[in-house]
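Work through the two exercises below with the sequence and the model at hand. Each task is followed by a solution in steps.

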Amino acid sequence: MKRLPILVLLWLAISCSVKQPETISDMTGQPDKKWWKEAIVYQIYPRSFQDSDGNGVGDLEGIISRLDYIKSLGVTAVWLNPIYASPNDDNGYDISDYRAIMPEFGTMQDFDRMLEEMHKRDIKLVMDMVVNHSSDEHAWFKQSRSSRTSPYRDYYHWWPAEKGKPNYRYSLFDEKGDAWKYDSLTNAYYLHYFSQKQPDLNWENPKVRQEVYDIMKFWAEKGVDGFRLDAFQFAAKDTTFPAFPKGFEKNFVQYYAMQGNLHQYLQEMNEEVFSKYDVMSVAEGAGRNFEDAHKLVDEDRNELNMAYAFDGVDIAKREGYSLTHFKTVFSKWDSAFAENGWLSIFLSNHDQARLVNRYGNDAPEFRAPSTKMLNTFILSMRGTPYVYYGDELGMTNIGFDSISQYQDIAAINGYKKVLHEGGDVNAYLKDLKFASRDNGRTPMQWDASQHAGFTNGNPWLPVNQNYKQVNVAAKDKDPNSVLNHFRKMTQVRQENPVLVYGDYKLLLPDHKQVYAYTRTLGDQKMLVLLNFSSEKADIELPAAVKVDDVVINNLSTAEHKSTRFSLSPYQAVIYSLK
Ligand code: NOJ
């Protein structure tokens, strides 16, 4: 055998002893496989999924009764929005007891059974951890508020009023936009980036951090499979609260995200919690830029597993959006994470209006094909796909006209803010009708019975009137439904690791109607063609692209002659390539 030069041996010794940063594939070209990369996550807004006791609010028992349906979708994990005890100022994102279940949702026994039933079906559970803030009704805050000398005082951010008004901080949900609330009890202001009932926890206090890790361990010990950290990029703060430039609120993420010791706290959390259990971790938001996002998720950093960046979900506007911009955003993120780190892929969640209204076309003839096309996109990109309940059916916006119809604090307080500032209320209502979070929170449409089979009582938010046509029972039997296309597409992803791990390459970057890309893993190669428009589209691909079979198609025919393809409105086809 030829002897290896000494320098090569030295290099081999060093590289084997040092932990290598995560890469999508190792030196043998094999992907770095992880269950959470292969997962297809189904997001459930528990309030709206299935009510079992007739109080008009979804619950855990209701979720249990729908687990076979969830399994039938081909998804492998559920992300559940918060189910902890809460006064519901922000539907559970204001937690008053992190170790208790909200009575409207059920009991801890229900939770344990739900988890067991999920695991029996090989479905993993990701819990929402809301620890940038708690509820003002949490025992910690009640104590903290009670006196300046309370041992819990430093669990939150207080500013003594004798020092004058603190520097302005913007609140996302406050009716005046002010994140400082004066409390006469101790003559001080407390900080709330969200509503007044969501005071920000003081992450600079090691006791707070320890409390949170203990809570996370409590749930990890029960066997949950992951955590989504709500608003966590805002958790660390400069507690001197320096002045920010005038107008900073228009760009507040630049000032609020990734401050101070945030990365240290995540590393601590990783050591205390994530490293001890087989749990996945994802934080809401991925910082201000790619560098922040890499710091959050590159494996050698020991922080989180995957980034959940908003650039993609922020593209859609009431006036529409440009497909070339959409392609640029997704392609840039993909290439920035092609070697290290891992992404989430999503176009909707509980903070957005419905997928098809924002990115597709809800006109009767296009609702189904455009939803199928969008689901094809989400399930054929690199990154872990997150699908929001109801989008597997093509549920649409309810589109309220009057402010009295809204339940969401963001909508209601936003309206008060516009009034307070003397702004254009009608323009605000028009935007809300398109973009409000309540659009995405209407009850799941199960069947054509009253309230769509969601509840026997009065639903907390009305059911969309199209439920008689758009519902699970009706679509289950139809082989061409959005629902059954979704099921086929999850199967395609599960059977083809190329769609999970394969390299992504954008074709036709400037085409205004068609999003075309290839995915390649070893000798497996697929071509994805998505017509994002309501017009027919003809394209010509490079000669090197030689199609073999149609893997999945949202319409019954697929037309191509050699490298020329003709796509019907909203057509989505995946081909295997030679
Ligand atoms: C982000 C959550 O997704 C949203 O629903 C919530 O209102 C805020 N964080 C505050 O917790």
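The exercises deal with a helix pair and then with a strand and its partners.

This is a predicted model, in which local features need pLDDT of at least 70, side-chain atom pairs count only at pLDDT 80 or more, and totals for chains, interfaces and linings use all residues. Residues are numbered from 1 along each chain as its sequence is written, and side-chain values use heavy atoms, with hydrogens and water left out.

**Exercise 1.** Describe how helix α13 packs with helix α17.

Step 1. Helix α13 covers residues 367-378 and helix α17 residues 482-495; helices here are DSSP runs (H or I, at least four residues), numbered from the N terminus.

Step 2. The angle between α13 and α17 is about 15°, and their axes lie 10 Å apart. That makes α13 roughly parallel to α17 (angles under 35 degrees count as roughly parallel).

Step 3. Contact means heavy atoms within 4.5 Å. On the α13 side, the contact residues are Arg367, Ala368, Thr371, Lys372, Asn375, Thr376 and Ile378; on the α17 side, they are Val482, His485, Phe486, Met489 and Arg493.

**Exercise 2.** Place strand β5 (a DSSP run of E, at least two residues) among its neighbours.

Step 1. Strand β5 spans residues 124-129, and 5 of its 6 residues are buried, so the rest of the structure largely encloses this strand (buried means under 20% relative accessible area, with a 1.4 Å probe and protein chains only).

Step 2. Strand β2 (residues 77-80) runs parallel to β5, joined by 4 bridges; strands pair if DSSP finds at least two bridges between them. Lys124 in β5 stands opposite Ala77.

Step 3. Strand β9 (residues 226-229) also runs parallel to β5, with 4 bridges. Leu229 in β9 is the bridge partner of Met129.

Methods:
Axes are lines fitted to C-alpha atoms, for helices over the stretch in contact, and angles run from 0 to 180 degrees between N-to-C directions. Angles under 35 degrees count as roughly parallel, over 145 as roughly antiparallel, 65 to 115 as roughly perpendicular and the rest as oblique. Buried means under 20% relative accessible area, exposed over 50%, partly exposed in between (1.4 Å probe, protein chains only).
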